[in-house]
Amino acid sequence: ACRCTAFGSRRMAPFPRKKEGSMHITDFNDDVVLRRAAEILQAKIKRADAPVFSDCKTLKQYLQYRLVREDREGFFVLYLNSQHRLIHTEILFAGGLTSCQVEPRIVLKRALEQNAAAIVIAHNHPNGKTHPSEADKNLTRHLQDTLALIDVRLLDHFIVGNDVLSFAEQGLLWRSSFPLCC
């Protein structure tokens with residue numbers, strides 16, 4: 001079986017085939033391509049020698065590829081160590097078409113379980129609009145205050161739609177002294 005290692009040292013599953021020895025572009029749908037793009041970007045972000053925020057463009061691309069095709073709102077968390085290197089990522093909460101219920105206690109608990117020094121949060125807007133709602137702003141403020149009690153910093157909150165909005169870039173993070181490269 002043909003194995004492709006063109007994307008670094010990770011081994012990929014064999015490409016789907018219609019006939020022995022031939023490959024067709026129709027074997028790949030958008031979801032497969034976007035999922036693979038997100039995996040490649042996550043591997044690039046997770047490199048031990050590259051802090052997550054050394055390349056904000058890559059992080060934004062990763063979040064967009066990871067969340068833009070979701071048809072329901074999802075709340076995504078990146079857990080970082082003290083050097084802002086990626087420890088773990090997960091979709092922590094899934095919601096409906098227009099909202100997602102986020103429980104700050106669970107975010108706090110998972111940050112402790114991952115031994116994170118900082119987190120980045122993101123959620124998608126399936127309608128494509130990235131304008132933050134008052135609920136988005138209030139949640140961000142509440143999470144930032146709650147996480148500060150255990151010395152975990154909330155570095156940024158991204159909203160993913162047709163583009164990617166950064167709360168830090170928009171000046172919507174409170175008590176943020178994180179030097180942005182975005």
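Here are a few worked exercises on the predicted model shown above.

**Exercise 1: the length of a helix**

Work out what span helix α2 should have, and compare it with the distance between its end C-alpha atoms.

*Solution.* Start with the residues: helix α2 covers residues 56–67, which makes 12 residues. Next, take 1.5 Å a residue; the expected span is 1.5 Å times one less than the number of residues, so α2 should span 16 Å. Finally, look at the model: the end C-alpha atoms are 16 Å apart, which agrees.

While you're on this helix, note its buried residues: C56, T58, L59, K60, Y62, L63 and L67. Two of these names, Y62 and K60, come back below.

**Exercise 2: aromatic pairs**

Find the aromatic pairs in the whole structure, and say how the rings of each pair are arranged.

*Solution.* A search of the whole structure turns up two pairs. Take Y62 and F76 to begin with: their ring centres are 6.0 Å apart and their planes make 50 degrees. Planes from 30 to 60 degrees apart count as tilted, so this pair is tilted. Now place the residues: Y62 sits in helix α2 and F76 in strand β1 (residues 74–80), so the pair ties together parts 14 residues apart in sequence. Y62 is buried, with a relative accessible area of 1%, and F76 is buried with a value of 1% too.

Then go to F75 and F93, whose centres are 5.9 Å apart with planes at 50 degrees, so this pair is tilted as well. It links distant parts of the chain, with F75 in β1 and F93 in strand β2 (residues 86–94), 18 residues apart. F75 counts as buried at 1%, and F93 is buried at 11%.

**Exercise 3: the sheet**

Describe how the strands are ordered in the sheet, and which of them stand at the edges.

*Solution.* Five strands form an open sheet with mixed pairing, in the order β2-β1-β3-β4-β5. Read off the ends: β2 and β5 (164–166) each have a single partner strand, so one side of each is left without a neighbour in the sheet. On average, neighbouring strands are turned by 20 degrees against each other, direction ignored.

Zoom in on β1 and β2, which pair in the antiparallel sense over seven bridges. In this pairing, L78 has T89 of β2 as its bridge partner. The hairpin has five residues between the strands, and there H84 takes a positive phi near 65 degrees. As for T89, it counts as buried at 13% relative accessibility. Leaving aside neighbours within four places in sequence, T89 touches Q42, Y62, F76, V77 and L78.

**Exercise 4: salt bridges**

Trace the salt bridges of K60 and R110, and say which parts of the chain they join.

*Solution.* The whole structure holds five salt bridges. One of them joins the side chains of K60 and E169, at 2.9 Å from N to O. That links helix α2 with the segment after β5, 109 residues apart. E169 is partly exposed, at 35%.

Moving on, R110 meets E90 with the closest N and O atoms 2.8 Å apart. R110 lies in helix α3 and E90 in β2, so parts 20 residues apart in sequence are tied together. R110 counts as buried at 18%, and E90 at 17%. Helix α3 (residues 104–113) lies across β1, β2 and β3 (118–124).

R110 also forms a salt bridge with E113, at 2.6 Å. These two are three residues apart in α3, about one helical turn. Put together, E90, K109, R110 and E113 are linked in a network of salt bridges.

Methods
Residues are numbered from 1 along each chain as its sequence is written. This is a predicted model: local features need pLDDT of at least 70, side-chain atom pairs count only at pLDDT 80 or more; totals for chains, interfaces and linings use all residues. Side-chain values use heavy atoms; hydrogens and water are left out. Helices (H or I, at least four residues) and strands (E, at least two) are DSSP runs, numbered from the N terminus. Buried means under 20% relative accessible area, exposed over 50%, partly exposed in between (1.4 Å probe, protein chains only). Rings of Phe, Tyr and Trp (its six-membered ring) pair if their centres lie within 6.5 Å; planes under 30 degrees apart count as stacked, over 60 as edge-to-face and the rest as tilted. Two strands pair if DSSP finds at least two bridges between them. Axes are lines fitted to C-alpha atoms, for helices over the stretch in contact, and angles run from 0 to 180 degrees between N-to-C directions. Contact means heavy atoms within 4.5 Å. A salt bridge is a side-chain nitrogen of Lys or Arg within 4 Å of a carboxyl oxygen of Asp or Glu.
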